[in-house]
Amino acid sequence: MKLLVLNGPNLNLLGLREPDIYGRETYQSLCERIERHAQDAGVLVDIRQSNHEGVLVDWIQEAHGRYDGIVFNPAAYTHTSIALLDALKAVNLPCVEVHLSDVTKREDFRQVSFIRLASFATISGKGVQGYLEAIDLFVKRGKDAGHC
Ligand code: CA2
């Protein structure tokens, strides 16, 4: 199984600002933990981050036929981007939406998620662990479907 892990704007700043909300772990450490967990689970992962909506749209489009699913933390674009929703719908790849913080307990504007509409699960408020659980969900889904 091959998964694309996508991260949206400002997540490259992890560990450098707002540790009370997003934790102390750096973006590099996040990537290392995802890679280690994926390897243990027998899953191939490519991890990418962009601050640009169009770049994320391009990567989702290019994922068609190359990946079995997308683990996606669209960051602030979660709450605004119909373009990302349309891209996910267009490629029709299974997606798990991940948020480090518990968005359900934050500002009103974070209660809307366009990405949720194209995701089979949302994991929120579990920090880096949320990405690892998203990988596990894909593995379980694959097993349930008899693919591995
Ligand atoms: O909780 C999450 O993972 C979010 O997707 C993070 C986004 C936020 O807009 C979403 O509502 C919830 C913000 C990402 C910004 O990341 C930073 C990390 C460190 C310092 C500053 C920003």
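## Working through a predicted fold

Aspartate 68 sits in the loop that links helix H3 (53-63) to strand S3 (69-73). Keep in mind as you go that this is a predicted model.

**Exercise 1. Work out how exposed aspartate 68 is and which residues it touches.**

Step 1. Start with accessibility. Aspartate 68 has 43% relative accessibility, so it counts as partly exposed; the buried class is under 20% and the exposed class is over 50%.

Step 2. Now look for partners, skipping neighbours within four places in sequence. Aspartate 68 is then in contact with Met1, Lys2, Leu3, Leu93, Pro94 and Phe138.

Step 3. Check one spacing as well. Aspartate 68 and leucine 44 are 24 residues apart in sequence, and their C-alpha atoms are 10.0 Å apart in space.

**Exercise 2. One contact of aspartate 68 is Leu3. Decide whether leucine 3 is buried or exposed, and list its contacts.**

Step 1. Place the residue: leucine 3 belongs to strand S1.

Step 2. Relative accessibility is 0% for leucine 3, so this residue counts as buried.

Step 3. List the contacts, again leaving out residues up to four places away in sequence. Leucine 3 touches Val43, Leu44, Val45, Asp46, Tyr67, Asp68, Gly69, Val71, Ile135 and Phe138.

Step 4. Pick out Phe138 from that list. Leucine 3 and phenylalanine 138 are 135 residues apart along the chain, yet 8.7 Å separates their C-alpha atoms.

**Exercise 3. Explain why cysteine 31 and cysteine 95 don't form a bond with each other.**

Step 1. Count disulfides in the structure: there are zero.

Step 2. Find the closest partner for each sulfur. For cysteine 31, the closest cysteine sulfur is in cysteine 95, 17 Å away. Going the other way, cysteine 95 has its closest cysteine sulfur in cysteine 31, again at 17 Å.

Step 3. Compare with the cut-off. A disulfide needs the two sulfur atoms within 2.5 Å, so 17 Å is too far for a bond.

Step 4. Add the burial. Cysteine 31 is buried at a relative accessible area of 14%, and cysteine 95 is buried too, at 1%.

**Exercise 4. Find where the positive phi angles of asparagine 10 and glutamate 18 fall in the chain.**

Step 1. Read the angles. Asparagine 10 has phi near 75°, while phi of glutamate 18 is near 45°. Each is a positive value in a residue other than glycine.

Step 2. Locate them. Asparagine 10 lies in the loop between strand S1 (2-7) and helix H1 (19-22), and glutamate 18 is in the loop between S1 and H1 as well.

Step 3. Check the surface. Glutamate 18 has a relative accessible area of 43%, so it is partly exposed.

**Exercise 5. Take two helix residues, isoleucine 21 and leucine 137, and describe the surroundings of each.**

Step 1. Isoleucine 21 is in helix H1, and 31% relative accessibility makes it partly exposed.

Step 2. Beyond four places in sequence, isoleucine 21 touches Ser101 and Arg106. Serine 101 is 80 residues from isoleucine 21 in sequence, with 6.4 Å between the C-alpha atoms.

Step 3. Leucine 137 is in helix H5 (residues 129-144), and counts as partly exposed at 29%.

Step 4. With residues up to four places away left out, leucine 137 touches Val96, Phe120, Ala121 and Ile123. Phenylalanine 120 is 17 residues from leucine 137 along the chain, and their C-alpha atoms are separated by 9.7 Å.

**Exercise 6. Step back and explain why the chain can be called as compact as a globular protein of its length.**

Step 1. Lay out the elements: the protein chain has five helices and five strands, running β-α-α-β-α-β-α-β-β-α from the N terminus.

Step 2. Compare the radii. The chain's radius of gyration is 14 Å, close to the 15 Å that the globule rule gives for 148 residues, so the chain is as compact as a globular protein of that length. The C-alpha trace spans about 40 × 30 × 25 Å along its principal axes.

Step 3. Look inside. Buried residues account for 45% of the 148. Of the contacts between residues at least 6 apart in sequence, 74% join residues at least 24 apart.

Step 4. Finish at the surface. About 7,700 Å² is exposed, with 49% supplied by carbon and sulfur atoms. The chain carries 16 positive and 19 negative side chains, and the centres of these two sets are 3 Å apart.

Conventions: Residues numbered from 1 in each chain as written. Predicted model: local features only at pLDDT ≥ 70, side-chain atom pairs only at ≥ 80, totals over all residues. Heavy atoms only, no water. Helix = DSSP H or I, 4+ residues; strand = E, 2+ residues; numbered from the N terminus. Rg over C-alpha atoms; globule rule 2.2 N^0.38 Å. Buried < 20%, exposed > 50% of the residue type's maximum accessible area, 1.4 Å probe, protein only. Contact = heavy atoms within 4.5 Å. Areas by Shrake-Rupley, 256 points an atom, 1.4 Å probe, with all protein chains shown as cover. Lys, Arg positive; Asp, Glu negative; His and termini not counted. Charge placed at Lys NZ, Arg CZ, Asp CG, Glu CD.
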